[in-house]
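Q: I have a structure to read and I do not know where to begin. Can we go through it feature by feature?

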Amino acid sequence: AANRFRAFTTELARNNGNETWRRNYDCGGWCAPSSISLDSQDEVYLAGTFERSIKMDSVNLNSSGQAAFFLARLRASNGAVNWAKTFGGNGYDSGISVEATAEDSLYVAATVTDTLNFGGAALVPGEGKNALGLAKFDRAGAHQWSEQYVGGSGTGTGGGYGGDSYVTLSPSGDLLLNGWFMDGITVNETQYKSGGSWDSIL
């Protein structure tokens, strides 16, 4: 039987809501684009999560674990895929948010549950932990830097959890990152403790 999961991106005319273009993506399991952003040339950037595989035009992406996330650039004129990349380890890694800047840099926020490499040093939350992952790319998809903020306490053997993060820009151009965590989370060597079961962070 044909797989029933399919994702899409569409452009709608602002004066009447009519569809001007549409792109469908066939998925090997559950899949969902979760964030969309535009650069200074109106090119479209898409982030999301998929299980097993996703086909974006002629680009085939595969997950090496339970789920992976994708980052793609689409042409402004018709939504055709310019490039697409996937990131993920052996766990359930999900791409939550993408934000393009006026200088055409890209910031991506993700949930990291296993060893994950954006293109620099591997991000490893530790056993039983998740992390908020944050990375910067140029408009060609080249990695600039990446960082993780690990949920939980101890040395990587606790049951802490951090995930589902979103990134945007402040009026000054600095990054705003929010998410939620369980037990505690470490940001730039500062540890924040949960007041109960689940907490949020900005």
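A: Start with one term: a residue is buried if its relative accessible area is under 20%, exposed if over 50%, and partly exposed in between. Also keep in mind that this is a predicted model.

Q: Is W21 buried or exposed?

A: W21 has a relative accessible area of 9%, so W21 is buried. Its place is in strand β2.

Q: Which residues does W21 touch, apart from its neighbours within four places in sequence?

A: Contact means heavy atoms within 4.5 Å. By that test, W21 is in contact with T9, T10 and E11, and also with R75, A76, S77, N78 and G79. Take N78 as a case. W21 and N78 are 57 residues apart in sequence, yet 5.8 Å apart in space, C-alpha to C-alpha. A76 adds a detail: its backbone oxygen lies 3.5 Å from a polar atom of the W21 side chain.

Q: Now the strands. In which sense do β1 and β2 pair, parallel or antiparallel?

A: Strands pair if there are at least two bridges between them. Strand β1 covers residues 6–12 and strand β2 covers residues 19–27. They pair in the antiparallel sense, over seven bridges. For one position, look at T10: it stands opposite R22 in β2.

Q: What does R22 lie over?

A: R22 lies over the face of F8, at 4.2 Å from the ring centre.

Q: How many residues lie between the strands in the hairpin of β1 and β2?

A: Six residues lie between them, and in this hairpin G17 takes a positive phi near 80°.

Q: How many bridges join β2 to β5?

A: Three bridges join them, and the two strands run antiparallel. Strand β5 covers residues 53–56. Here C27 has I54 in β5 as its bridge partner.

Q: Which residues that are not glycines have a positive phi?

A: Two cases are R52 and D104. R52 has a positive phi of about 70° and is found in the loop between β4 and β5. D104 has a positive phi of about 65° and is found in the loop between β9 and β10.

Q: What surrounds D104?

A: Begin with its accessibility: at 11%, D104 counts as buried. Leaving aside neighbours within four places in sequence, D104 is in contact with D39, S40, Q41, D138 and R139. One of these contacts is polar: the side chains of D104 and S40 meet at 3.0 Å.

Q: How should I read a nonpolar core?

A: In soluble globular proteins, nonpolar side chains tend to be buried together. In this model the largest nonpolar core has 18 residues. Those with the most contacts inside it are F69, L71, F118 and F137.

Q: Which elements give two or more residues to this core?

A: They are β4 (44–50), β7 (68–74), β8 (81–87), β9 (94–100), β10 (106–112) and β11 (131–137). β10 gives the most, with four residues. Apart from this core lies another, of 16 residues, among them A7, Y25, A72 and L74.

Q: What does F137 touch?

A: Not counting residues up to four places away in sequence, F137 touches nine listed here in order: L71, F87, S105, L106, V108, F118, A142, H143 and Q144.

Q: How do I read a pair of aromatic rings?

A: A pair of aromatic rings is described by the distance of the centres and the angle of the planes. This structure holds eight aromatic pairs. F87 and F118 form a tilted one: 5.6 Å centre to centre, with 45° between the planes.

Q: Where in the chain do F87 and F118 lie?

A: F87 is in strand β8, and F118 is in the loop between β10 and β11. They are 31 residues apart, and the pair links distant parts of the chain. F87 is buried, with a relative accessible area of 8%, and F118 is buried too, at 3%.

Q: How are the rings of Y107 and W145 arranged?

A: Their centres are 6.1 Å apart and their planes are at 55°, so this pair is tilted. Y107 lies in strand β10 and W145 in strand β12 (residues 143–150), so the pair ties together parts 38 residues apart in sequence. Y107 is buried, with a relative accessible area of 11%, whereas W145 is partly exposed, at 33%.

Q: Which residues form one aromatic cluster?

A: F69, F87, F118 and F137 form one aromatic cluster.

Definitions and conventions:
Residues numbered from 1 in each chain as written. Heavy atoms only, no water. Core = buried A, V, L, I, M, F, W, Y, C linked by side-chain atoms within 4.5 Å. Buried < 20%, exposed > 50% of the residue type's maximum accessible area, 1.4 Å probe, protein only. Polar contact = N/O pair within 3.5 Å; in protein donor to acceptor, adjacent residues only side chain to side chain. Phe/Tyr/Trp six-rings, centres within 6.5 Å; stacked < 30°, edge-to-face > 60°. Lys NZ or Arg CZ within 6 Å of the ring centre and 35° of its normal.
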